[in-house]
Amino acid sequence: MEFFCYHRDRAGSVALRDKLLEEHWSYMDRYASEMIARGPTFVADGDTPTGSVHIVDLPDPATARAFAFDEPNYQAGVYRDVLLRRWRNMLGRTMWDFPGGRTGGSRYLVLGLGPEQAADLAVPPGRDELIAFGPLLSDDGATWLGTAALVRAPDPDTARAVLSADRYADVEVHDWEFGGRR
């Protein structure tokens, strides 16, 4: 089962996040073979982190909750909240398989949340710019709750256009970059 996990940083937690970087990476190294995508989000300045995205293939919702809430930054109070949802890998690949590679161009996390009618159930045109794409689902995988995408785009508005904005209660766009050890 695939899961989308987005830890959102608590205001003023950058120093603590920096202090725990090696612990965070070591924790995530334990999940290297299950990782589909990972990386931090930033404010528009590209320097100040705002969160951490992890898309992982884990056996069940209980294991996914343990993954999300046992994470060292979460345990230390770096994060203010966690979005954890089942997810379906519509591209059938990891971020490391993305033809555009780790660098070059701007990258974004695009989250489309609710309302009730499912949207964007097929991979949109422009697949070559998609790093990851899939629906956010309930724990049992039966109910559509939104869509999450990682995309390379020239600007946030172009990234946002990967989703049908009028079909969601809210669409968020966050600067994002490939994560993990260099």
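This passage describes the nonpolar cores, two buried strand residues and the largest pocket of a predicted model. Residues are numbered from 1 along each chain as its sequence is written, and side-chain values use heavy atoms, with hydrogens and water left out. Because the model is predicted, local features need pLDDT of at least 70 and side-chain atom pairs count only at pLDDT 80 or more, whereas totals for chains, interfaces and linings use all residues.

The largest nonpolar core (a set of buried Ala, Val, Leu, Ile, Met, Phe, Trp, Tyr and Cys residues joined through side-chain atoms within 4.5 Å) has 19 residues. Those with the most contacts inside this core are Phe4, Ile55, Trp87, Leu109, Leu111, Leu150 and Trp176. Two or more residues of the core come from each of β1, β2, β3, β4 (79–87), β5 (106–113), β6 (130–137) and β7 (144–153), the strands being DSSP runs of E of at least two residues, numbered from the N terminus. Strand β6 gives the largest share, three residues. A second, separate core comprises 15 residues, including Leu130, Trp144, Ala153 and Leu163.

Leaving aside neighbours within four places in sequence, Trp87 is in contact (heavy atoms within 4.5 Å) with residues among them Phe4, Ile36, Ile55, Pro135 and Ala148. Pro135, in strand β6, counts as buried (under 20% relative accessible area, with a 1.4 Å probe and protein chains only) because its relative accessible area is 4%. Beyond its neighbours within four places in sequence, Pro135 is in contact with Arg86, Trp87, Arg88, Met90, Trp144, Gly146 and Thr147.

Arg8 lies in strand β1 (residues 2–9) and is likewise counted as buried, because its relative accessibility is 12%. The side chain of Arg8 makes a polar contact with that of Glu172 at 3.0 Å, such a contact being a pair of N or O atoms within 3.5 Å of which, within protein, one must be able to donate a hydrogen and the other to accept it, with residues adjacent in sequence counting only if both atoms are side-chain atoms. Contacts of Arg8 outside its neighbours within four places in sequence also include Thr50, Tyr79, Asp81, Leu111 and His174.

The largest pocket (on a 1 Å grid over the protein atoms alone, an open set of points where a 1.4 Å probe fits, with protein on both sides within 12 Å along at least five of seven lines; lining residues have an atom within 4 Å of a point) is lined by 18 residues, of which Arg17, Leu21, Trp25, Pro40 and Phe42 lie nearest its centre. Strand β2 supplies the largest share of this lining, four residues.

Terms used
Buried means under 20% relative accessible area, exposed over 50%, partly exposed in between (1.4 Å probe, protein chains only).
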